[in-house]
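Me: I would like to learn how to read a structure like this one, feature by feature. Please give me the general idea each time, and then the case at hand.

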Amino acid sequence: MTETPWLVAVRAAESKKATDIRVLDLTGITAFTDYFVICSGSNPKQIQAIADEIGLKLKEQGELPHCLEGYNQAEWILADYGDFLVHV
């Protein structure tokens, strides 16, 4: 059995030493997403590494982001997967 995609994102972030990992369950609260995964990195390279690992692990499950913002500057990165968002 495969894990839920937002949990895959959490485990990928953990593997790259992300800090302050939080998951907000927004099911029934918002119309635009069900879960919001939030985590932090200590510098732009780590922020990109976290986002890359999350993207890779989700792609292995057939999940591709609808939109990816902030990657080049890497002060923050937002990936929209429809049912859930990831903010690094």
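**Reading the features one by one**

Me: Which residue follows helix 1, and is its phi positive or negative?

Reply: Lysine 17 follows helix 1, and its phi is positive, near 65 degrees. Helices (H or I, at least four residues) and strands (E, at least two) are DSSP runs, numbered from the N terminus. The model is predicted, so local features need pLDDT of at least 70 and side-chain atom pairs count only at pLDDT 80 or more, while totals for chains, interfaces and linings use all residues. Residues are numbered from 1 along each chain as its sequence is written, and side-chain values use heavy atoms, with hydrogens and water left out.

Me: What should I compare a positive phi with, and where is aspartate 20?

Reply: Most residues other than glycine have a negative phi. Aspartate 20 sits in strand 1, and its phi is positive, near 50 degrees. Its relative accessibility is 52%, so it counts as exposed. The cut-offs are: buried under 20% relative accessible area, exposed over 50%, partly exposed in between (1.4 Å probe, protein chains only).

Me: Is alanine 74 buried or exposed?

Reply: Alanine 74 is buried, at a relative accessible area of 2%. It belongs to the loop between strand 3 (67-69) and strand 4 (78-80). Although not a glycine, alanine 74 has a positive phi of about 55 degrees.

Me: Which residues of the largest nonpolar core touch the most other members?

Reply: A nonpolar core is a set of buried Ala, Val, Leu, Ile, Met, Phe, Trp, Tyr and Cys residues joined through side-chain atoms within 4.5 Å. The largest one here has 20 residues, and those that touch the most other members are Ile50, Ile54, Leu58, Val86 and Val88. Two or more residues each come from helix 1 (5-15), strand 2 (35-40), helix 2 (44-60) and strand 5 (84-87).

Me: What does isoleucine 50 touch?

Reply: Contact means heavy atoms within 4.5 Å. Leaving out residues up to four places away in sequence, isoleucine 50 touches Ala13, Lys16, Ala18, Cys39, Ser40, Gly41 and Val88.

Me: Which residues of helix 1 are buried?

Reply: They are Val8, Ala9, Val10, Ala12 and Ala13. These buried residues pack against strand 1 (19-25), strand 2, helix 2 and strand 5.

Me: How many salt bridges does the structure hold?

Reply: Side chains of opposite charge can pair when their charged atoms come close. The rule for a salt bridge is a side-chain nitrogen of Lys or Arg within 4 Å of a carboxyl oxygen of Asp or Glu. This structure holds two. One joins the side chains of arginine 11 and glutamate 3 at 2.8 Å, N to O. Arginine 11 is partly exposed at 42%, and glutamate 3 is partly exposed at 32%.

Me: How far apart, N to O, are glutamate 53 and lysine 57?

Reply: Their side chains meet in a salt bridge at 3.9 Å, N to O. The two residues are four apart in helix 2, so about one helical turn separates them. Glutamate 53 counts as buried at 15% relative accessibility, whereas lysine 57 is partly exposed at 31%.

Me: How many aromatic pairs are there?

Reply: A pair of aromatic rings is described by the distance of the centres and the angle of the planes. Rings of Phe, Tyr and Trp (its six-membered ring) pair if their centres lie within 6.5 Å; planes under 30 degrees apart count as stacked, over 60 as edge-to-face and the rest as tilted. The structure holds two such pairs. Tryptophan 6 and tyrosine 35 are stacked, 5.2 Å centre to centre with 25 degrees between the planes. That pair links distant parts of the chain, 29 residues apart: tryptophan 6 is in helix 1 and tyrosine 35 in strand 2. Tryptophan 6 is partly exposed at 23%, as is tyrosine 35 at 22%. The ring centres of tyrosine 81 and phenylalanine 84 are 5.0 Å apart with planes at 0 degrees, so this pair is stacked. Tyrosine 81 is buried at 6%, and phenylalanine 84 is buried at 3%.

Me: Why is there no bond between cysteine 39 and cysteine 67?

Reply: A disulfide is a pair of cysteine sulfur atoms within 2.5 Å. The sulfur of cysteine 39 has its closest cysteine sulfur in cysteine 67, 17 Å away, which is too far for a bond. By this rule the count is zero disulfides. Cysteine 39 is buried at 2%, whereas cysteine 67 is partly exposed at 32%.
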